[in-house]
Amino acid sequence: MAPLRDCAHLYSTNAVPNPQEAKAVQQKVDNLKNKIGNLKSQLQELEEELRQHEAVLSPVRRIPAEVLGEVFSLVLPVTLDHQGREQLLDFCLVCKLWRDAALAAGWIWGSVSVDINGELAALIHELPLITHLTLDKVPKNEIQDIFEKLYARLTPALGLQHLQGSTFEHIA
(Lines give C-alpha, C1' and ligand atoms only; values in the text may rest on other atoms or scores of the structure.)
Protein backbone atom coordinates (compact mmCIF):
# COMPACT_ATOMS: atom_id res chain seq x y z
CA MET A 1 0.00 0.00 0.00
CA ALA A 2 1.27 3.42 -0.91
CA PRO A 3 1.92 5.79 2.01
CA LEU A 4 -0.18 8.94 1.91
CA ARG A 5 2.85 11.15 1.34
CA ASP A 6 3.25 9.28 -1.97
CA CYS A 7 -0.34 10.32 -2.80
CA ALA A 8 0.24 14.06 -2.33
CA HIS A 9 0.14 14.64 -6.06
CA LEU A 10 -3.49 13.44 -6.10
CA TYR A 11 -4.69 16.35 -3.93
CA SER A 12 -3.73 19.03 -6.42
CA THR A 13 -4.73 17.25 -9.64
CA ASN A 14 -7.61 15.32 -11.14
CA ALA A 15 -5.42 12.26 -11.70
CA VAL A 16 -7.06 8.90 -11.07
CA PRO A 17 -5.42 7.06 -8.17
CA ASN A 18 -4.03 3.60 -8.76
CA PRO A 19 -5.48 0.77 -6.59
CA GLN A 20 -2.80 1.10 -3.90
CA GLU A 21 -3.26 4.88 -3.67
CA ALA A 22 -7.05 4.51 -3.58
CA LYS A 23 -6.78 1.99 -0.73
CA ALA A 24 -4.46 4.29 1.27
CA VAL A 25 -6.74 7.31 0.75
CA GLN A 26 -9.85 5.26 1.66
CA GLN A 27 -8.19 4.12 4.91
CA LYS A 28 -7.37 7.73 5.74
CA VAL A 29 -10.99 8.73 5.00
CA ASP A 30 -12.28 5.95 7.28
CA ASN A 31 -9.80 6.94 9.98
CA LEU A 32 -10.85 10.61 9.78
CA LYS A 33 -14.56 9.71 9.91
CA ASN A 34 -13.92 7.59 12.99
CA LYS A 35 -12.05 10.46 14.68
CA ILE A 36 -14.85 12.89 13.77
CA GLY A 37 -17.44 10.51 15.27
CA ASN A 38 -15.44 10.29 18.50
CA LEU A 39 -15.04 14.06 18.64
CA LYS A 40 -18.79 14.59 18.05
CA SER A 41 -19.53 12.24 20.92
CA GLN A 42 -17.10 14.13 23.16
CA LEU A 43 -18.66 17.41 22.02
CA GLN A 44 -22.16 16.21 22.98
CA GLU A 45 -20.91 15.18 26.43
CA LEU A 46 -19.20 18.53 26.93
CA GLU A 47 -22.27 20.46 25.74
CA GLU A 48 -24.45 18.54 28.22
CA GLU A 49 -21.99 19.27 31.03
CA LEU A 50 -21.95 22.94 30.00
CA ARG A 51 -25.77 23.06 29.97
CA GLN A 52 -25.88 21.65 33.52
CA HIS A 53 -23.37 24.19 34.78
CA GLU A 54 -25.15 27.09 33.07
CA ALA A 55 -28.45 25.93 34.60
CA VAL A 56 -26.92 26.24 38.06
CA LEU A 57 -26.14 29.89 37.30
CA SER A 58 -29.59 30.60 35.81
CA PRO A 59 -31.12 33.87 37.10
CA VAL A 60 -34.53 32.21 37.53
CA ARG A 61 -33.06 30.26 40.46
CA ARG A 62 -32.62 33.53 42.34
CA ILE A 63 -36.22 34.73 41.98
CA PRO A 64 -37.78 34.90 45.47
CA ALA A 65 -40.82 32.68 46.08
CA GLU A 66 -42.95 35.76 46.74
CA VAL A 67 -42.15 37.14 43.27
CA LEU A 68 -42.97 33.78 41.67
CA GLY A 69 -46.29 33.83 43.52
CA GLU A 70 -47.03 37.22 41.97
CA VAL A 71 -46.12 35.87 38.53
CA PHE A 72 -48.55 33.00 39.12
CA SER A 73 -51.24 35.56 39.95
CA LEU A 74 -50.85 37.02 36.46
CA VAL A 75 -51.33 33.65 34.81
CA LEU A 76 -53.84 31.80 36.99
CA PRO A 77 -57.51 32.75 37.29
CA VAL A 78 -58.57 34.53 40.49
CA THR A 79 -60.87 31.64 41.41
CA LEU A 80 -59.25 28.28 40.73
CA ASP A 81 -61.63 26.24 38.60
CA HIS A 82 -60.70 22.87 37.08
CA GLN A 83 -58.50 24.41 34.38
CA GLY A 84 -56.85 26.74 36.89
CA ARG A 85 -56.04 23.79 39.15
CA GLU A 86 -54.49 21.99 36.18
CA GLN A 87 -52.31 25.02 35.45
CA LEU A 88 -51.35 25.29 39.13
CA LEU A 89 -50.41 21.62 39.19
CA ASP A 90 -48.19 22.15 36.14
CA PHE A 91 -46.43 24.99 37.97
CA CYS A 92 -45.99 22.87 41.09
CA LEU A 93 -44.35 20.10 39.05
CA VAL A 94 -41.63 22.37 37.60
CA CYS A 95 -39.38 22.27 40.66
CA LYS A 96 -39.39 22.52 44.44
CA LEU A 97 -38.99 26.32 44.39
CA TRP A 98 -42.09 26.72 42.19
CA ARG A 99 -44.07 24.30 44.35
CA ASP A 100 -43.08 26.17 47.51
CA ALA A 101 -43.98 29.49 45.85
CA ALA A 102 -47.44 28.18 44.94
CA LEU A 103 -48.03 26.81 48.43
CA ALA A 104 -46.89 30.08 50.01
CA ALA A 105 -49.13 32.26 47.82
CA GLY A 106 -52.16 32.70 50.06
CA TRP A 107 -54.30 34.30 47.34
CA ILE A 108 -54.29 30.97 45.45
CA TRP A 109 -55.99 29.14 48.30
CA GLY A 110 -58.38 31.94 49.27
CA SER A 111 -60.66 31.29 46.32
CA VAL A 112 -61.15 27.71 45.20
CA SER A 113 -64.01 26.71 42.95
CA VAL A 114 -65.34 23.18 43.38
CA ASP A 115 -67.69 22.00 40.64
CA ILE A 116 -70.00 19.08 41.34
CA ASN A 117 -72.04 17.76 38.46
CA GLY A 118 -75.79 17.22 38.91
CA GLU A 119 -75.49 13.42 38.96
CA LEU A 120 -73.07 13.48 41.90
CA ALA A 121 -75.10 16.12 43.71
CA ALA A 122 -78.24 14.00 43.31
CA LEU A 123 -76.50 11.18 45.20
CA ILE A 124 -76.02 13.51 48.12
CA HIS A 125 -79.67 13.84 49.11
CA GLU A 126 -78.85 15.48 52.46
CA LEU A 127 -77.17 18.42 50.77
CA PRO A 128 -78.87 20.95 48.55
CA LEU A 129 -77.86 20.69 44.90
CA ILE A 130 -74.38 22.22 44.84
CA THR A 131 -73.14 23.25 41.46
CA HIS A 132 -70.47 25.72 42.49
CA LEU A 133 -68.72 26.44 45.79
CA THR A 134 -66.51 29.53 46.06
CA LEU A 135 -64.63 30.37 49.22
CA ASP A 136 -63.65 33.94 48.32
CA LYS A 137 -64.87 35.69 51.43
CA VAL A 138 -64.86 32.79 53.91
CA PRO A 139 -62.50 33.41 56.86
CA LYS A 140 -59.54 31.07 56.78
CA ASN A 141 -60.38 29.51 60.14
CA GLU A 142 -63.82 28.43 58.85
CA ILE A 143 -62.63 26.78 55.61
CA GLN A 144 -61.43 23.63 57.39
CA ASP A 145 -64.81 23.25 59.09
CA ILE A 146 -66.68 23.65 55.78
CA PHE A 147 -64.56 20.96 54.09
CA GLU A 148 -64.87 18.58 57.04
CA LYS A 149 -68.69 18.89 57.02
CA LEU A 150 -68.81 18.41 53.25
CA TYR A 151 -66.46 15.41 53.51
CA ALA A 152 -68.54 13.86 56.30
CA ARG A 153 -71.66 14.02 54.10
CA LEU A 154 -69.99 12.98 50.85
CA THR A 155 -68.18 9.87 52.05
CA PRO A 156 -71.25 7.80 53.02
CA ALA A 157 -73.14 8.90 49.90
CA LEU A 158 -70.27 7.74 47.71
CA GLY A 159 -69.76 4.51 49.63
CA LEU A 160 -66.43 5.60 51.07
CA GLN A 161 -65.19 4.91 54.55
CA HIS A 162 -65.08 8.03 56.74
CA LEU A 163 -61.63 8.57 58.21
CA GLN A 164 -61.34 9.51 61.87
CA GLY A 165 -59.62 12.76 62.75
CA SER A 166 -59.23 15.98 60.84
CA THR A 167 -58.63 15.27 57.19
CA PHE A 168 -58.35 18.92 56.16
CA GLU A 169 -55.98 20.32 58.79
CA HIS A 170 -53.57 21.52 56.09
CA ILE A 171 -56.25 23.77 54.51
CA ALA A 172 -56.64 26.17 57.43
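This briefing walks through the helices, charged pairs, rings, surface patch and cysteines of one protein chain. The model is predicted, so keep that in mind as you look around. The chain has 172 residues, and 20% of them count as buried. You'll find eight helices and two strands in it.

**Overall layout**

- Starting at the N terminus, the elements come in the order α-α-α-α-α-α-β-α-β-α.
- UniProt, in an unreviewed entry, places a "coiled-coil region" at residues 22-56.
- In the model, that stretch, residues 22-56, is 100% helix and 0% strand.
- The C-alpha atoms at the two ends of residues 22-56 sit 51 Å apart.

**Salt bridges**

- How many salt bridges does the structure hold? There are two.
- One of them joins glutamate 48 to arginine 51, with the closest N and O atoms 2.8 Å apart.
- Why are these two about one helical turn apart? Because glutamate 48 and arginine 51 are three residues apart in helix α2, which covers residues 19-56.
- Both partners are partly exposed: glutamate 48 has a relative accessible area of 35%, and arginine 51 has 46%.
- Aspartate 100 and lysine 96 also meet through their side chains in a salt bridge, at 2.8 Å from N to O.
- This pair belongs to helix α5 (residues 96-104), and aspartate 100 and lysine 96 are four residues apart there, so about one helical turn separates them.
- Lysine 96 counts as exposed at 61% relative accessibility, while aspartate 100 counts as partly exposed at 30%.

**Aromatic rings**

- The structure holds three aromatic pairs.
- One of these is phenylalanine 91 with tryptophan 98, whose ring centres are 6.0 Å apart.
- Is that pair stacked or edge-to-face? The planes of phenylalanine 91 and tryptophan 98 meet at 65°, so the pair is edge-to-face; the cut-off for that label is over 60 degrees.
- Phenylalanine 91 is buried, with 17% relative accessible area, whereas tryptophan 98 is partly exposed at 22%.
- Zoom out a little and ring pairs tie Phe72, Phe91 and Trp98 into a cluster.

**A nonpolar patch on the surface**

- Which residues make the nonpolar surface patch? They are Val67, Val71, Leu74 and Val75, and the patch measures about 370 Å².
- Valine 75 is found in helix α3, residues 65-75, and valine 67 has its place in helix α3 too.
- Valine 67 is partly exposed, with a relative accessible area of 42%, and valine 75 is partly exposed as well, at 45%.
- Valine 67 also shows how folding brings parts of a chain together: alanine 105 is 38 residues away in sequence, yet the two C-alpha atoms are 9.7 Å apart in space.

**Cysteines**

- There are zero disulfides in the structure.
- Why does cysteine 95 have no bond to cysteine 92? The closest cysteine sulfur to that of cysteine 95 is the one in cysteine 92, and at 10.0 Å it is too far for a bond. A disulfide needs the two sulfur atoms within 2.5 Å.
- Cysteine 95 is partly exposed, with a relative accessible area of 33%.
- Cysteine 7 is buried, with a relative accessible area of 0%.

Notes. Residues are numbered from 1 along each chain as its sequence is written. This is a predicted model: local features need pLDDT of at least 70, side-chain atom pairs count only at pLDDT 80 or more; totals for chains, interfaces and linings use all residues. Side-chain values use heavy atoms; hydrogens and water are left out. UniProt positions are given in the numbering used here, feature names are shortened, and annotations may be inferred rather than shown by experiment. Buried means under 20% relative accessible area, exposed over 50%, partly exposed in between (1.4 Å probe, protein chains only). Rings of Phe, Tyr and Trp (its six-membered ring) pair if their centres lie within 6.5 Å; planes under 30 degrees apart count as stacked, over 60 as edge-to-face and the rest as tilted. Patches are made of residues with over 30% relative accessible area and no salt bridge: like charges are joined within 9 Å, nonpolar side chains (Val, Leu, Ile, Met, Phe, Trp, Tyr) within 5 Å. Accessible areas come from the Shrake-Rupley method with a 1.4 Å probe; for residues, only the protein chains shown count as cover. A salt bridge is a side-chain nitrogen of Lys or Arg within 4 Å of a carboxyl oxygen of Asp or Glu.
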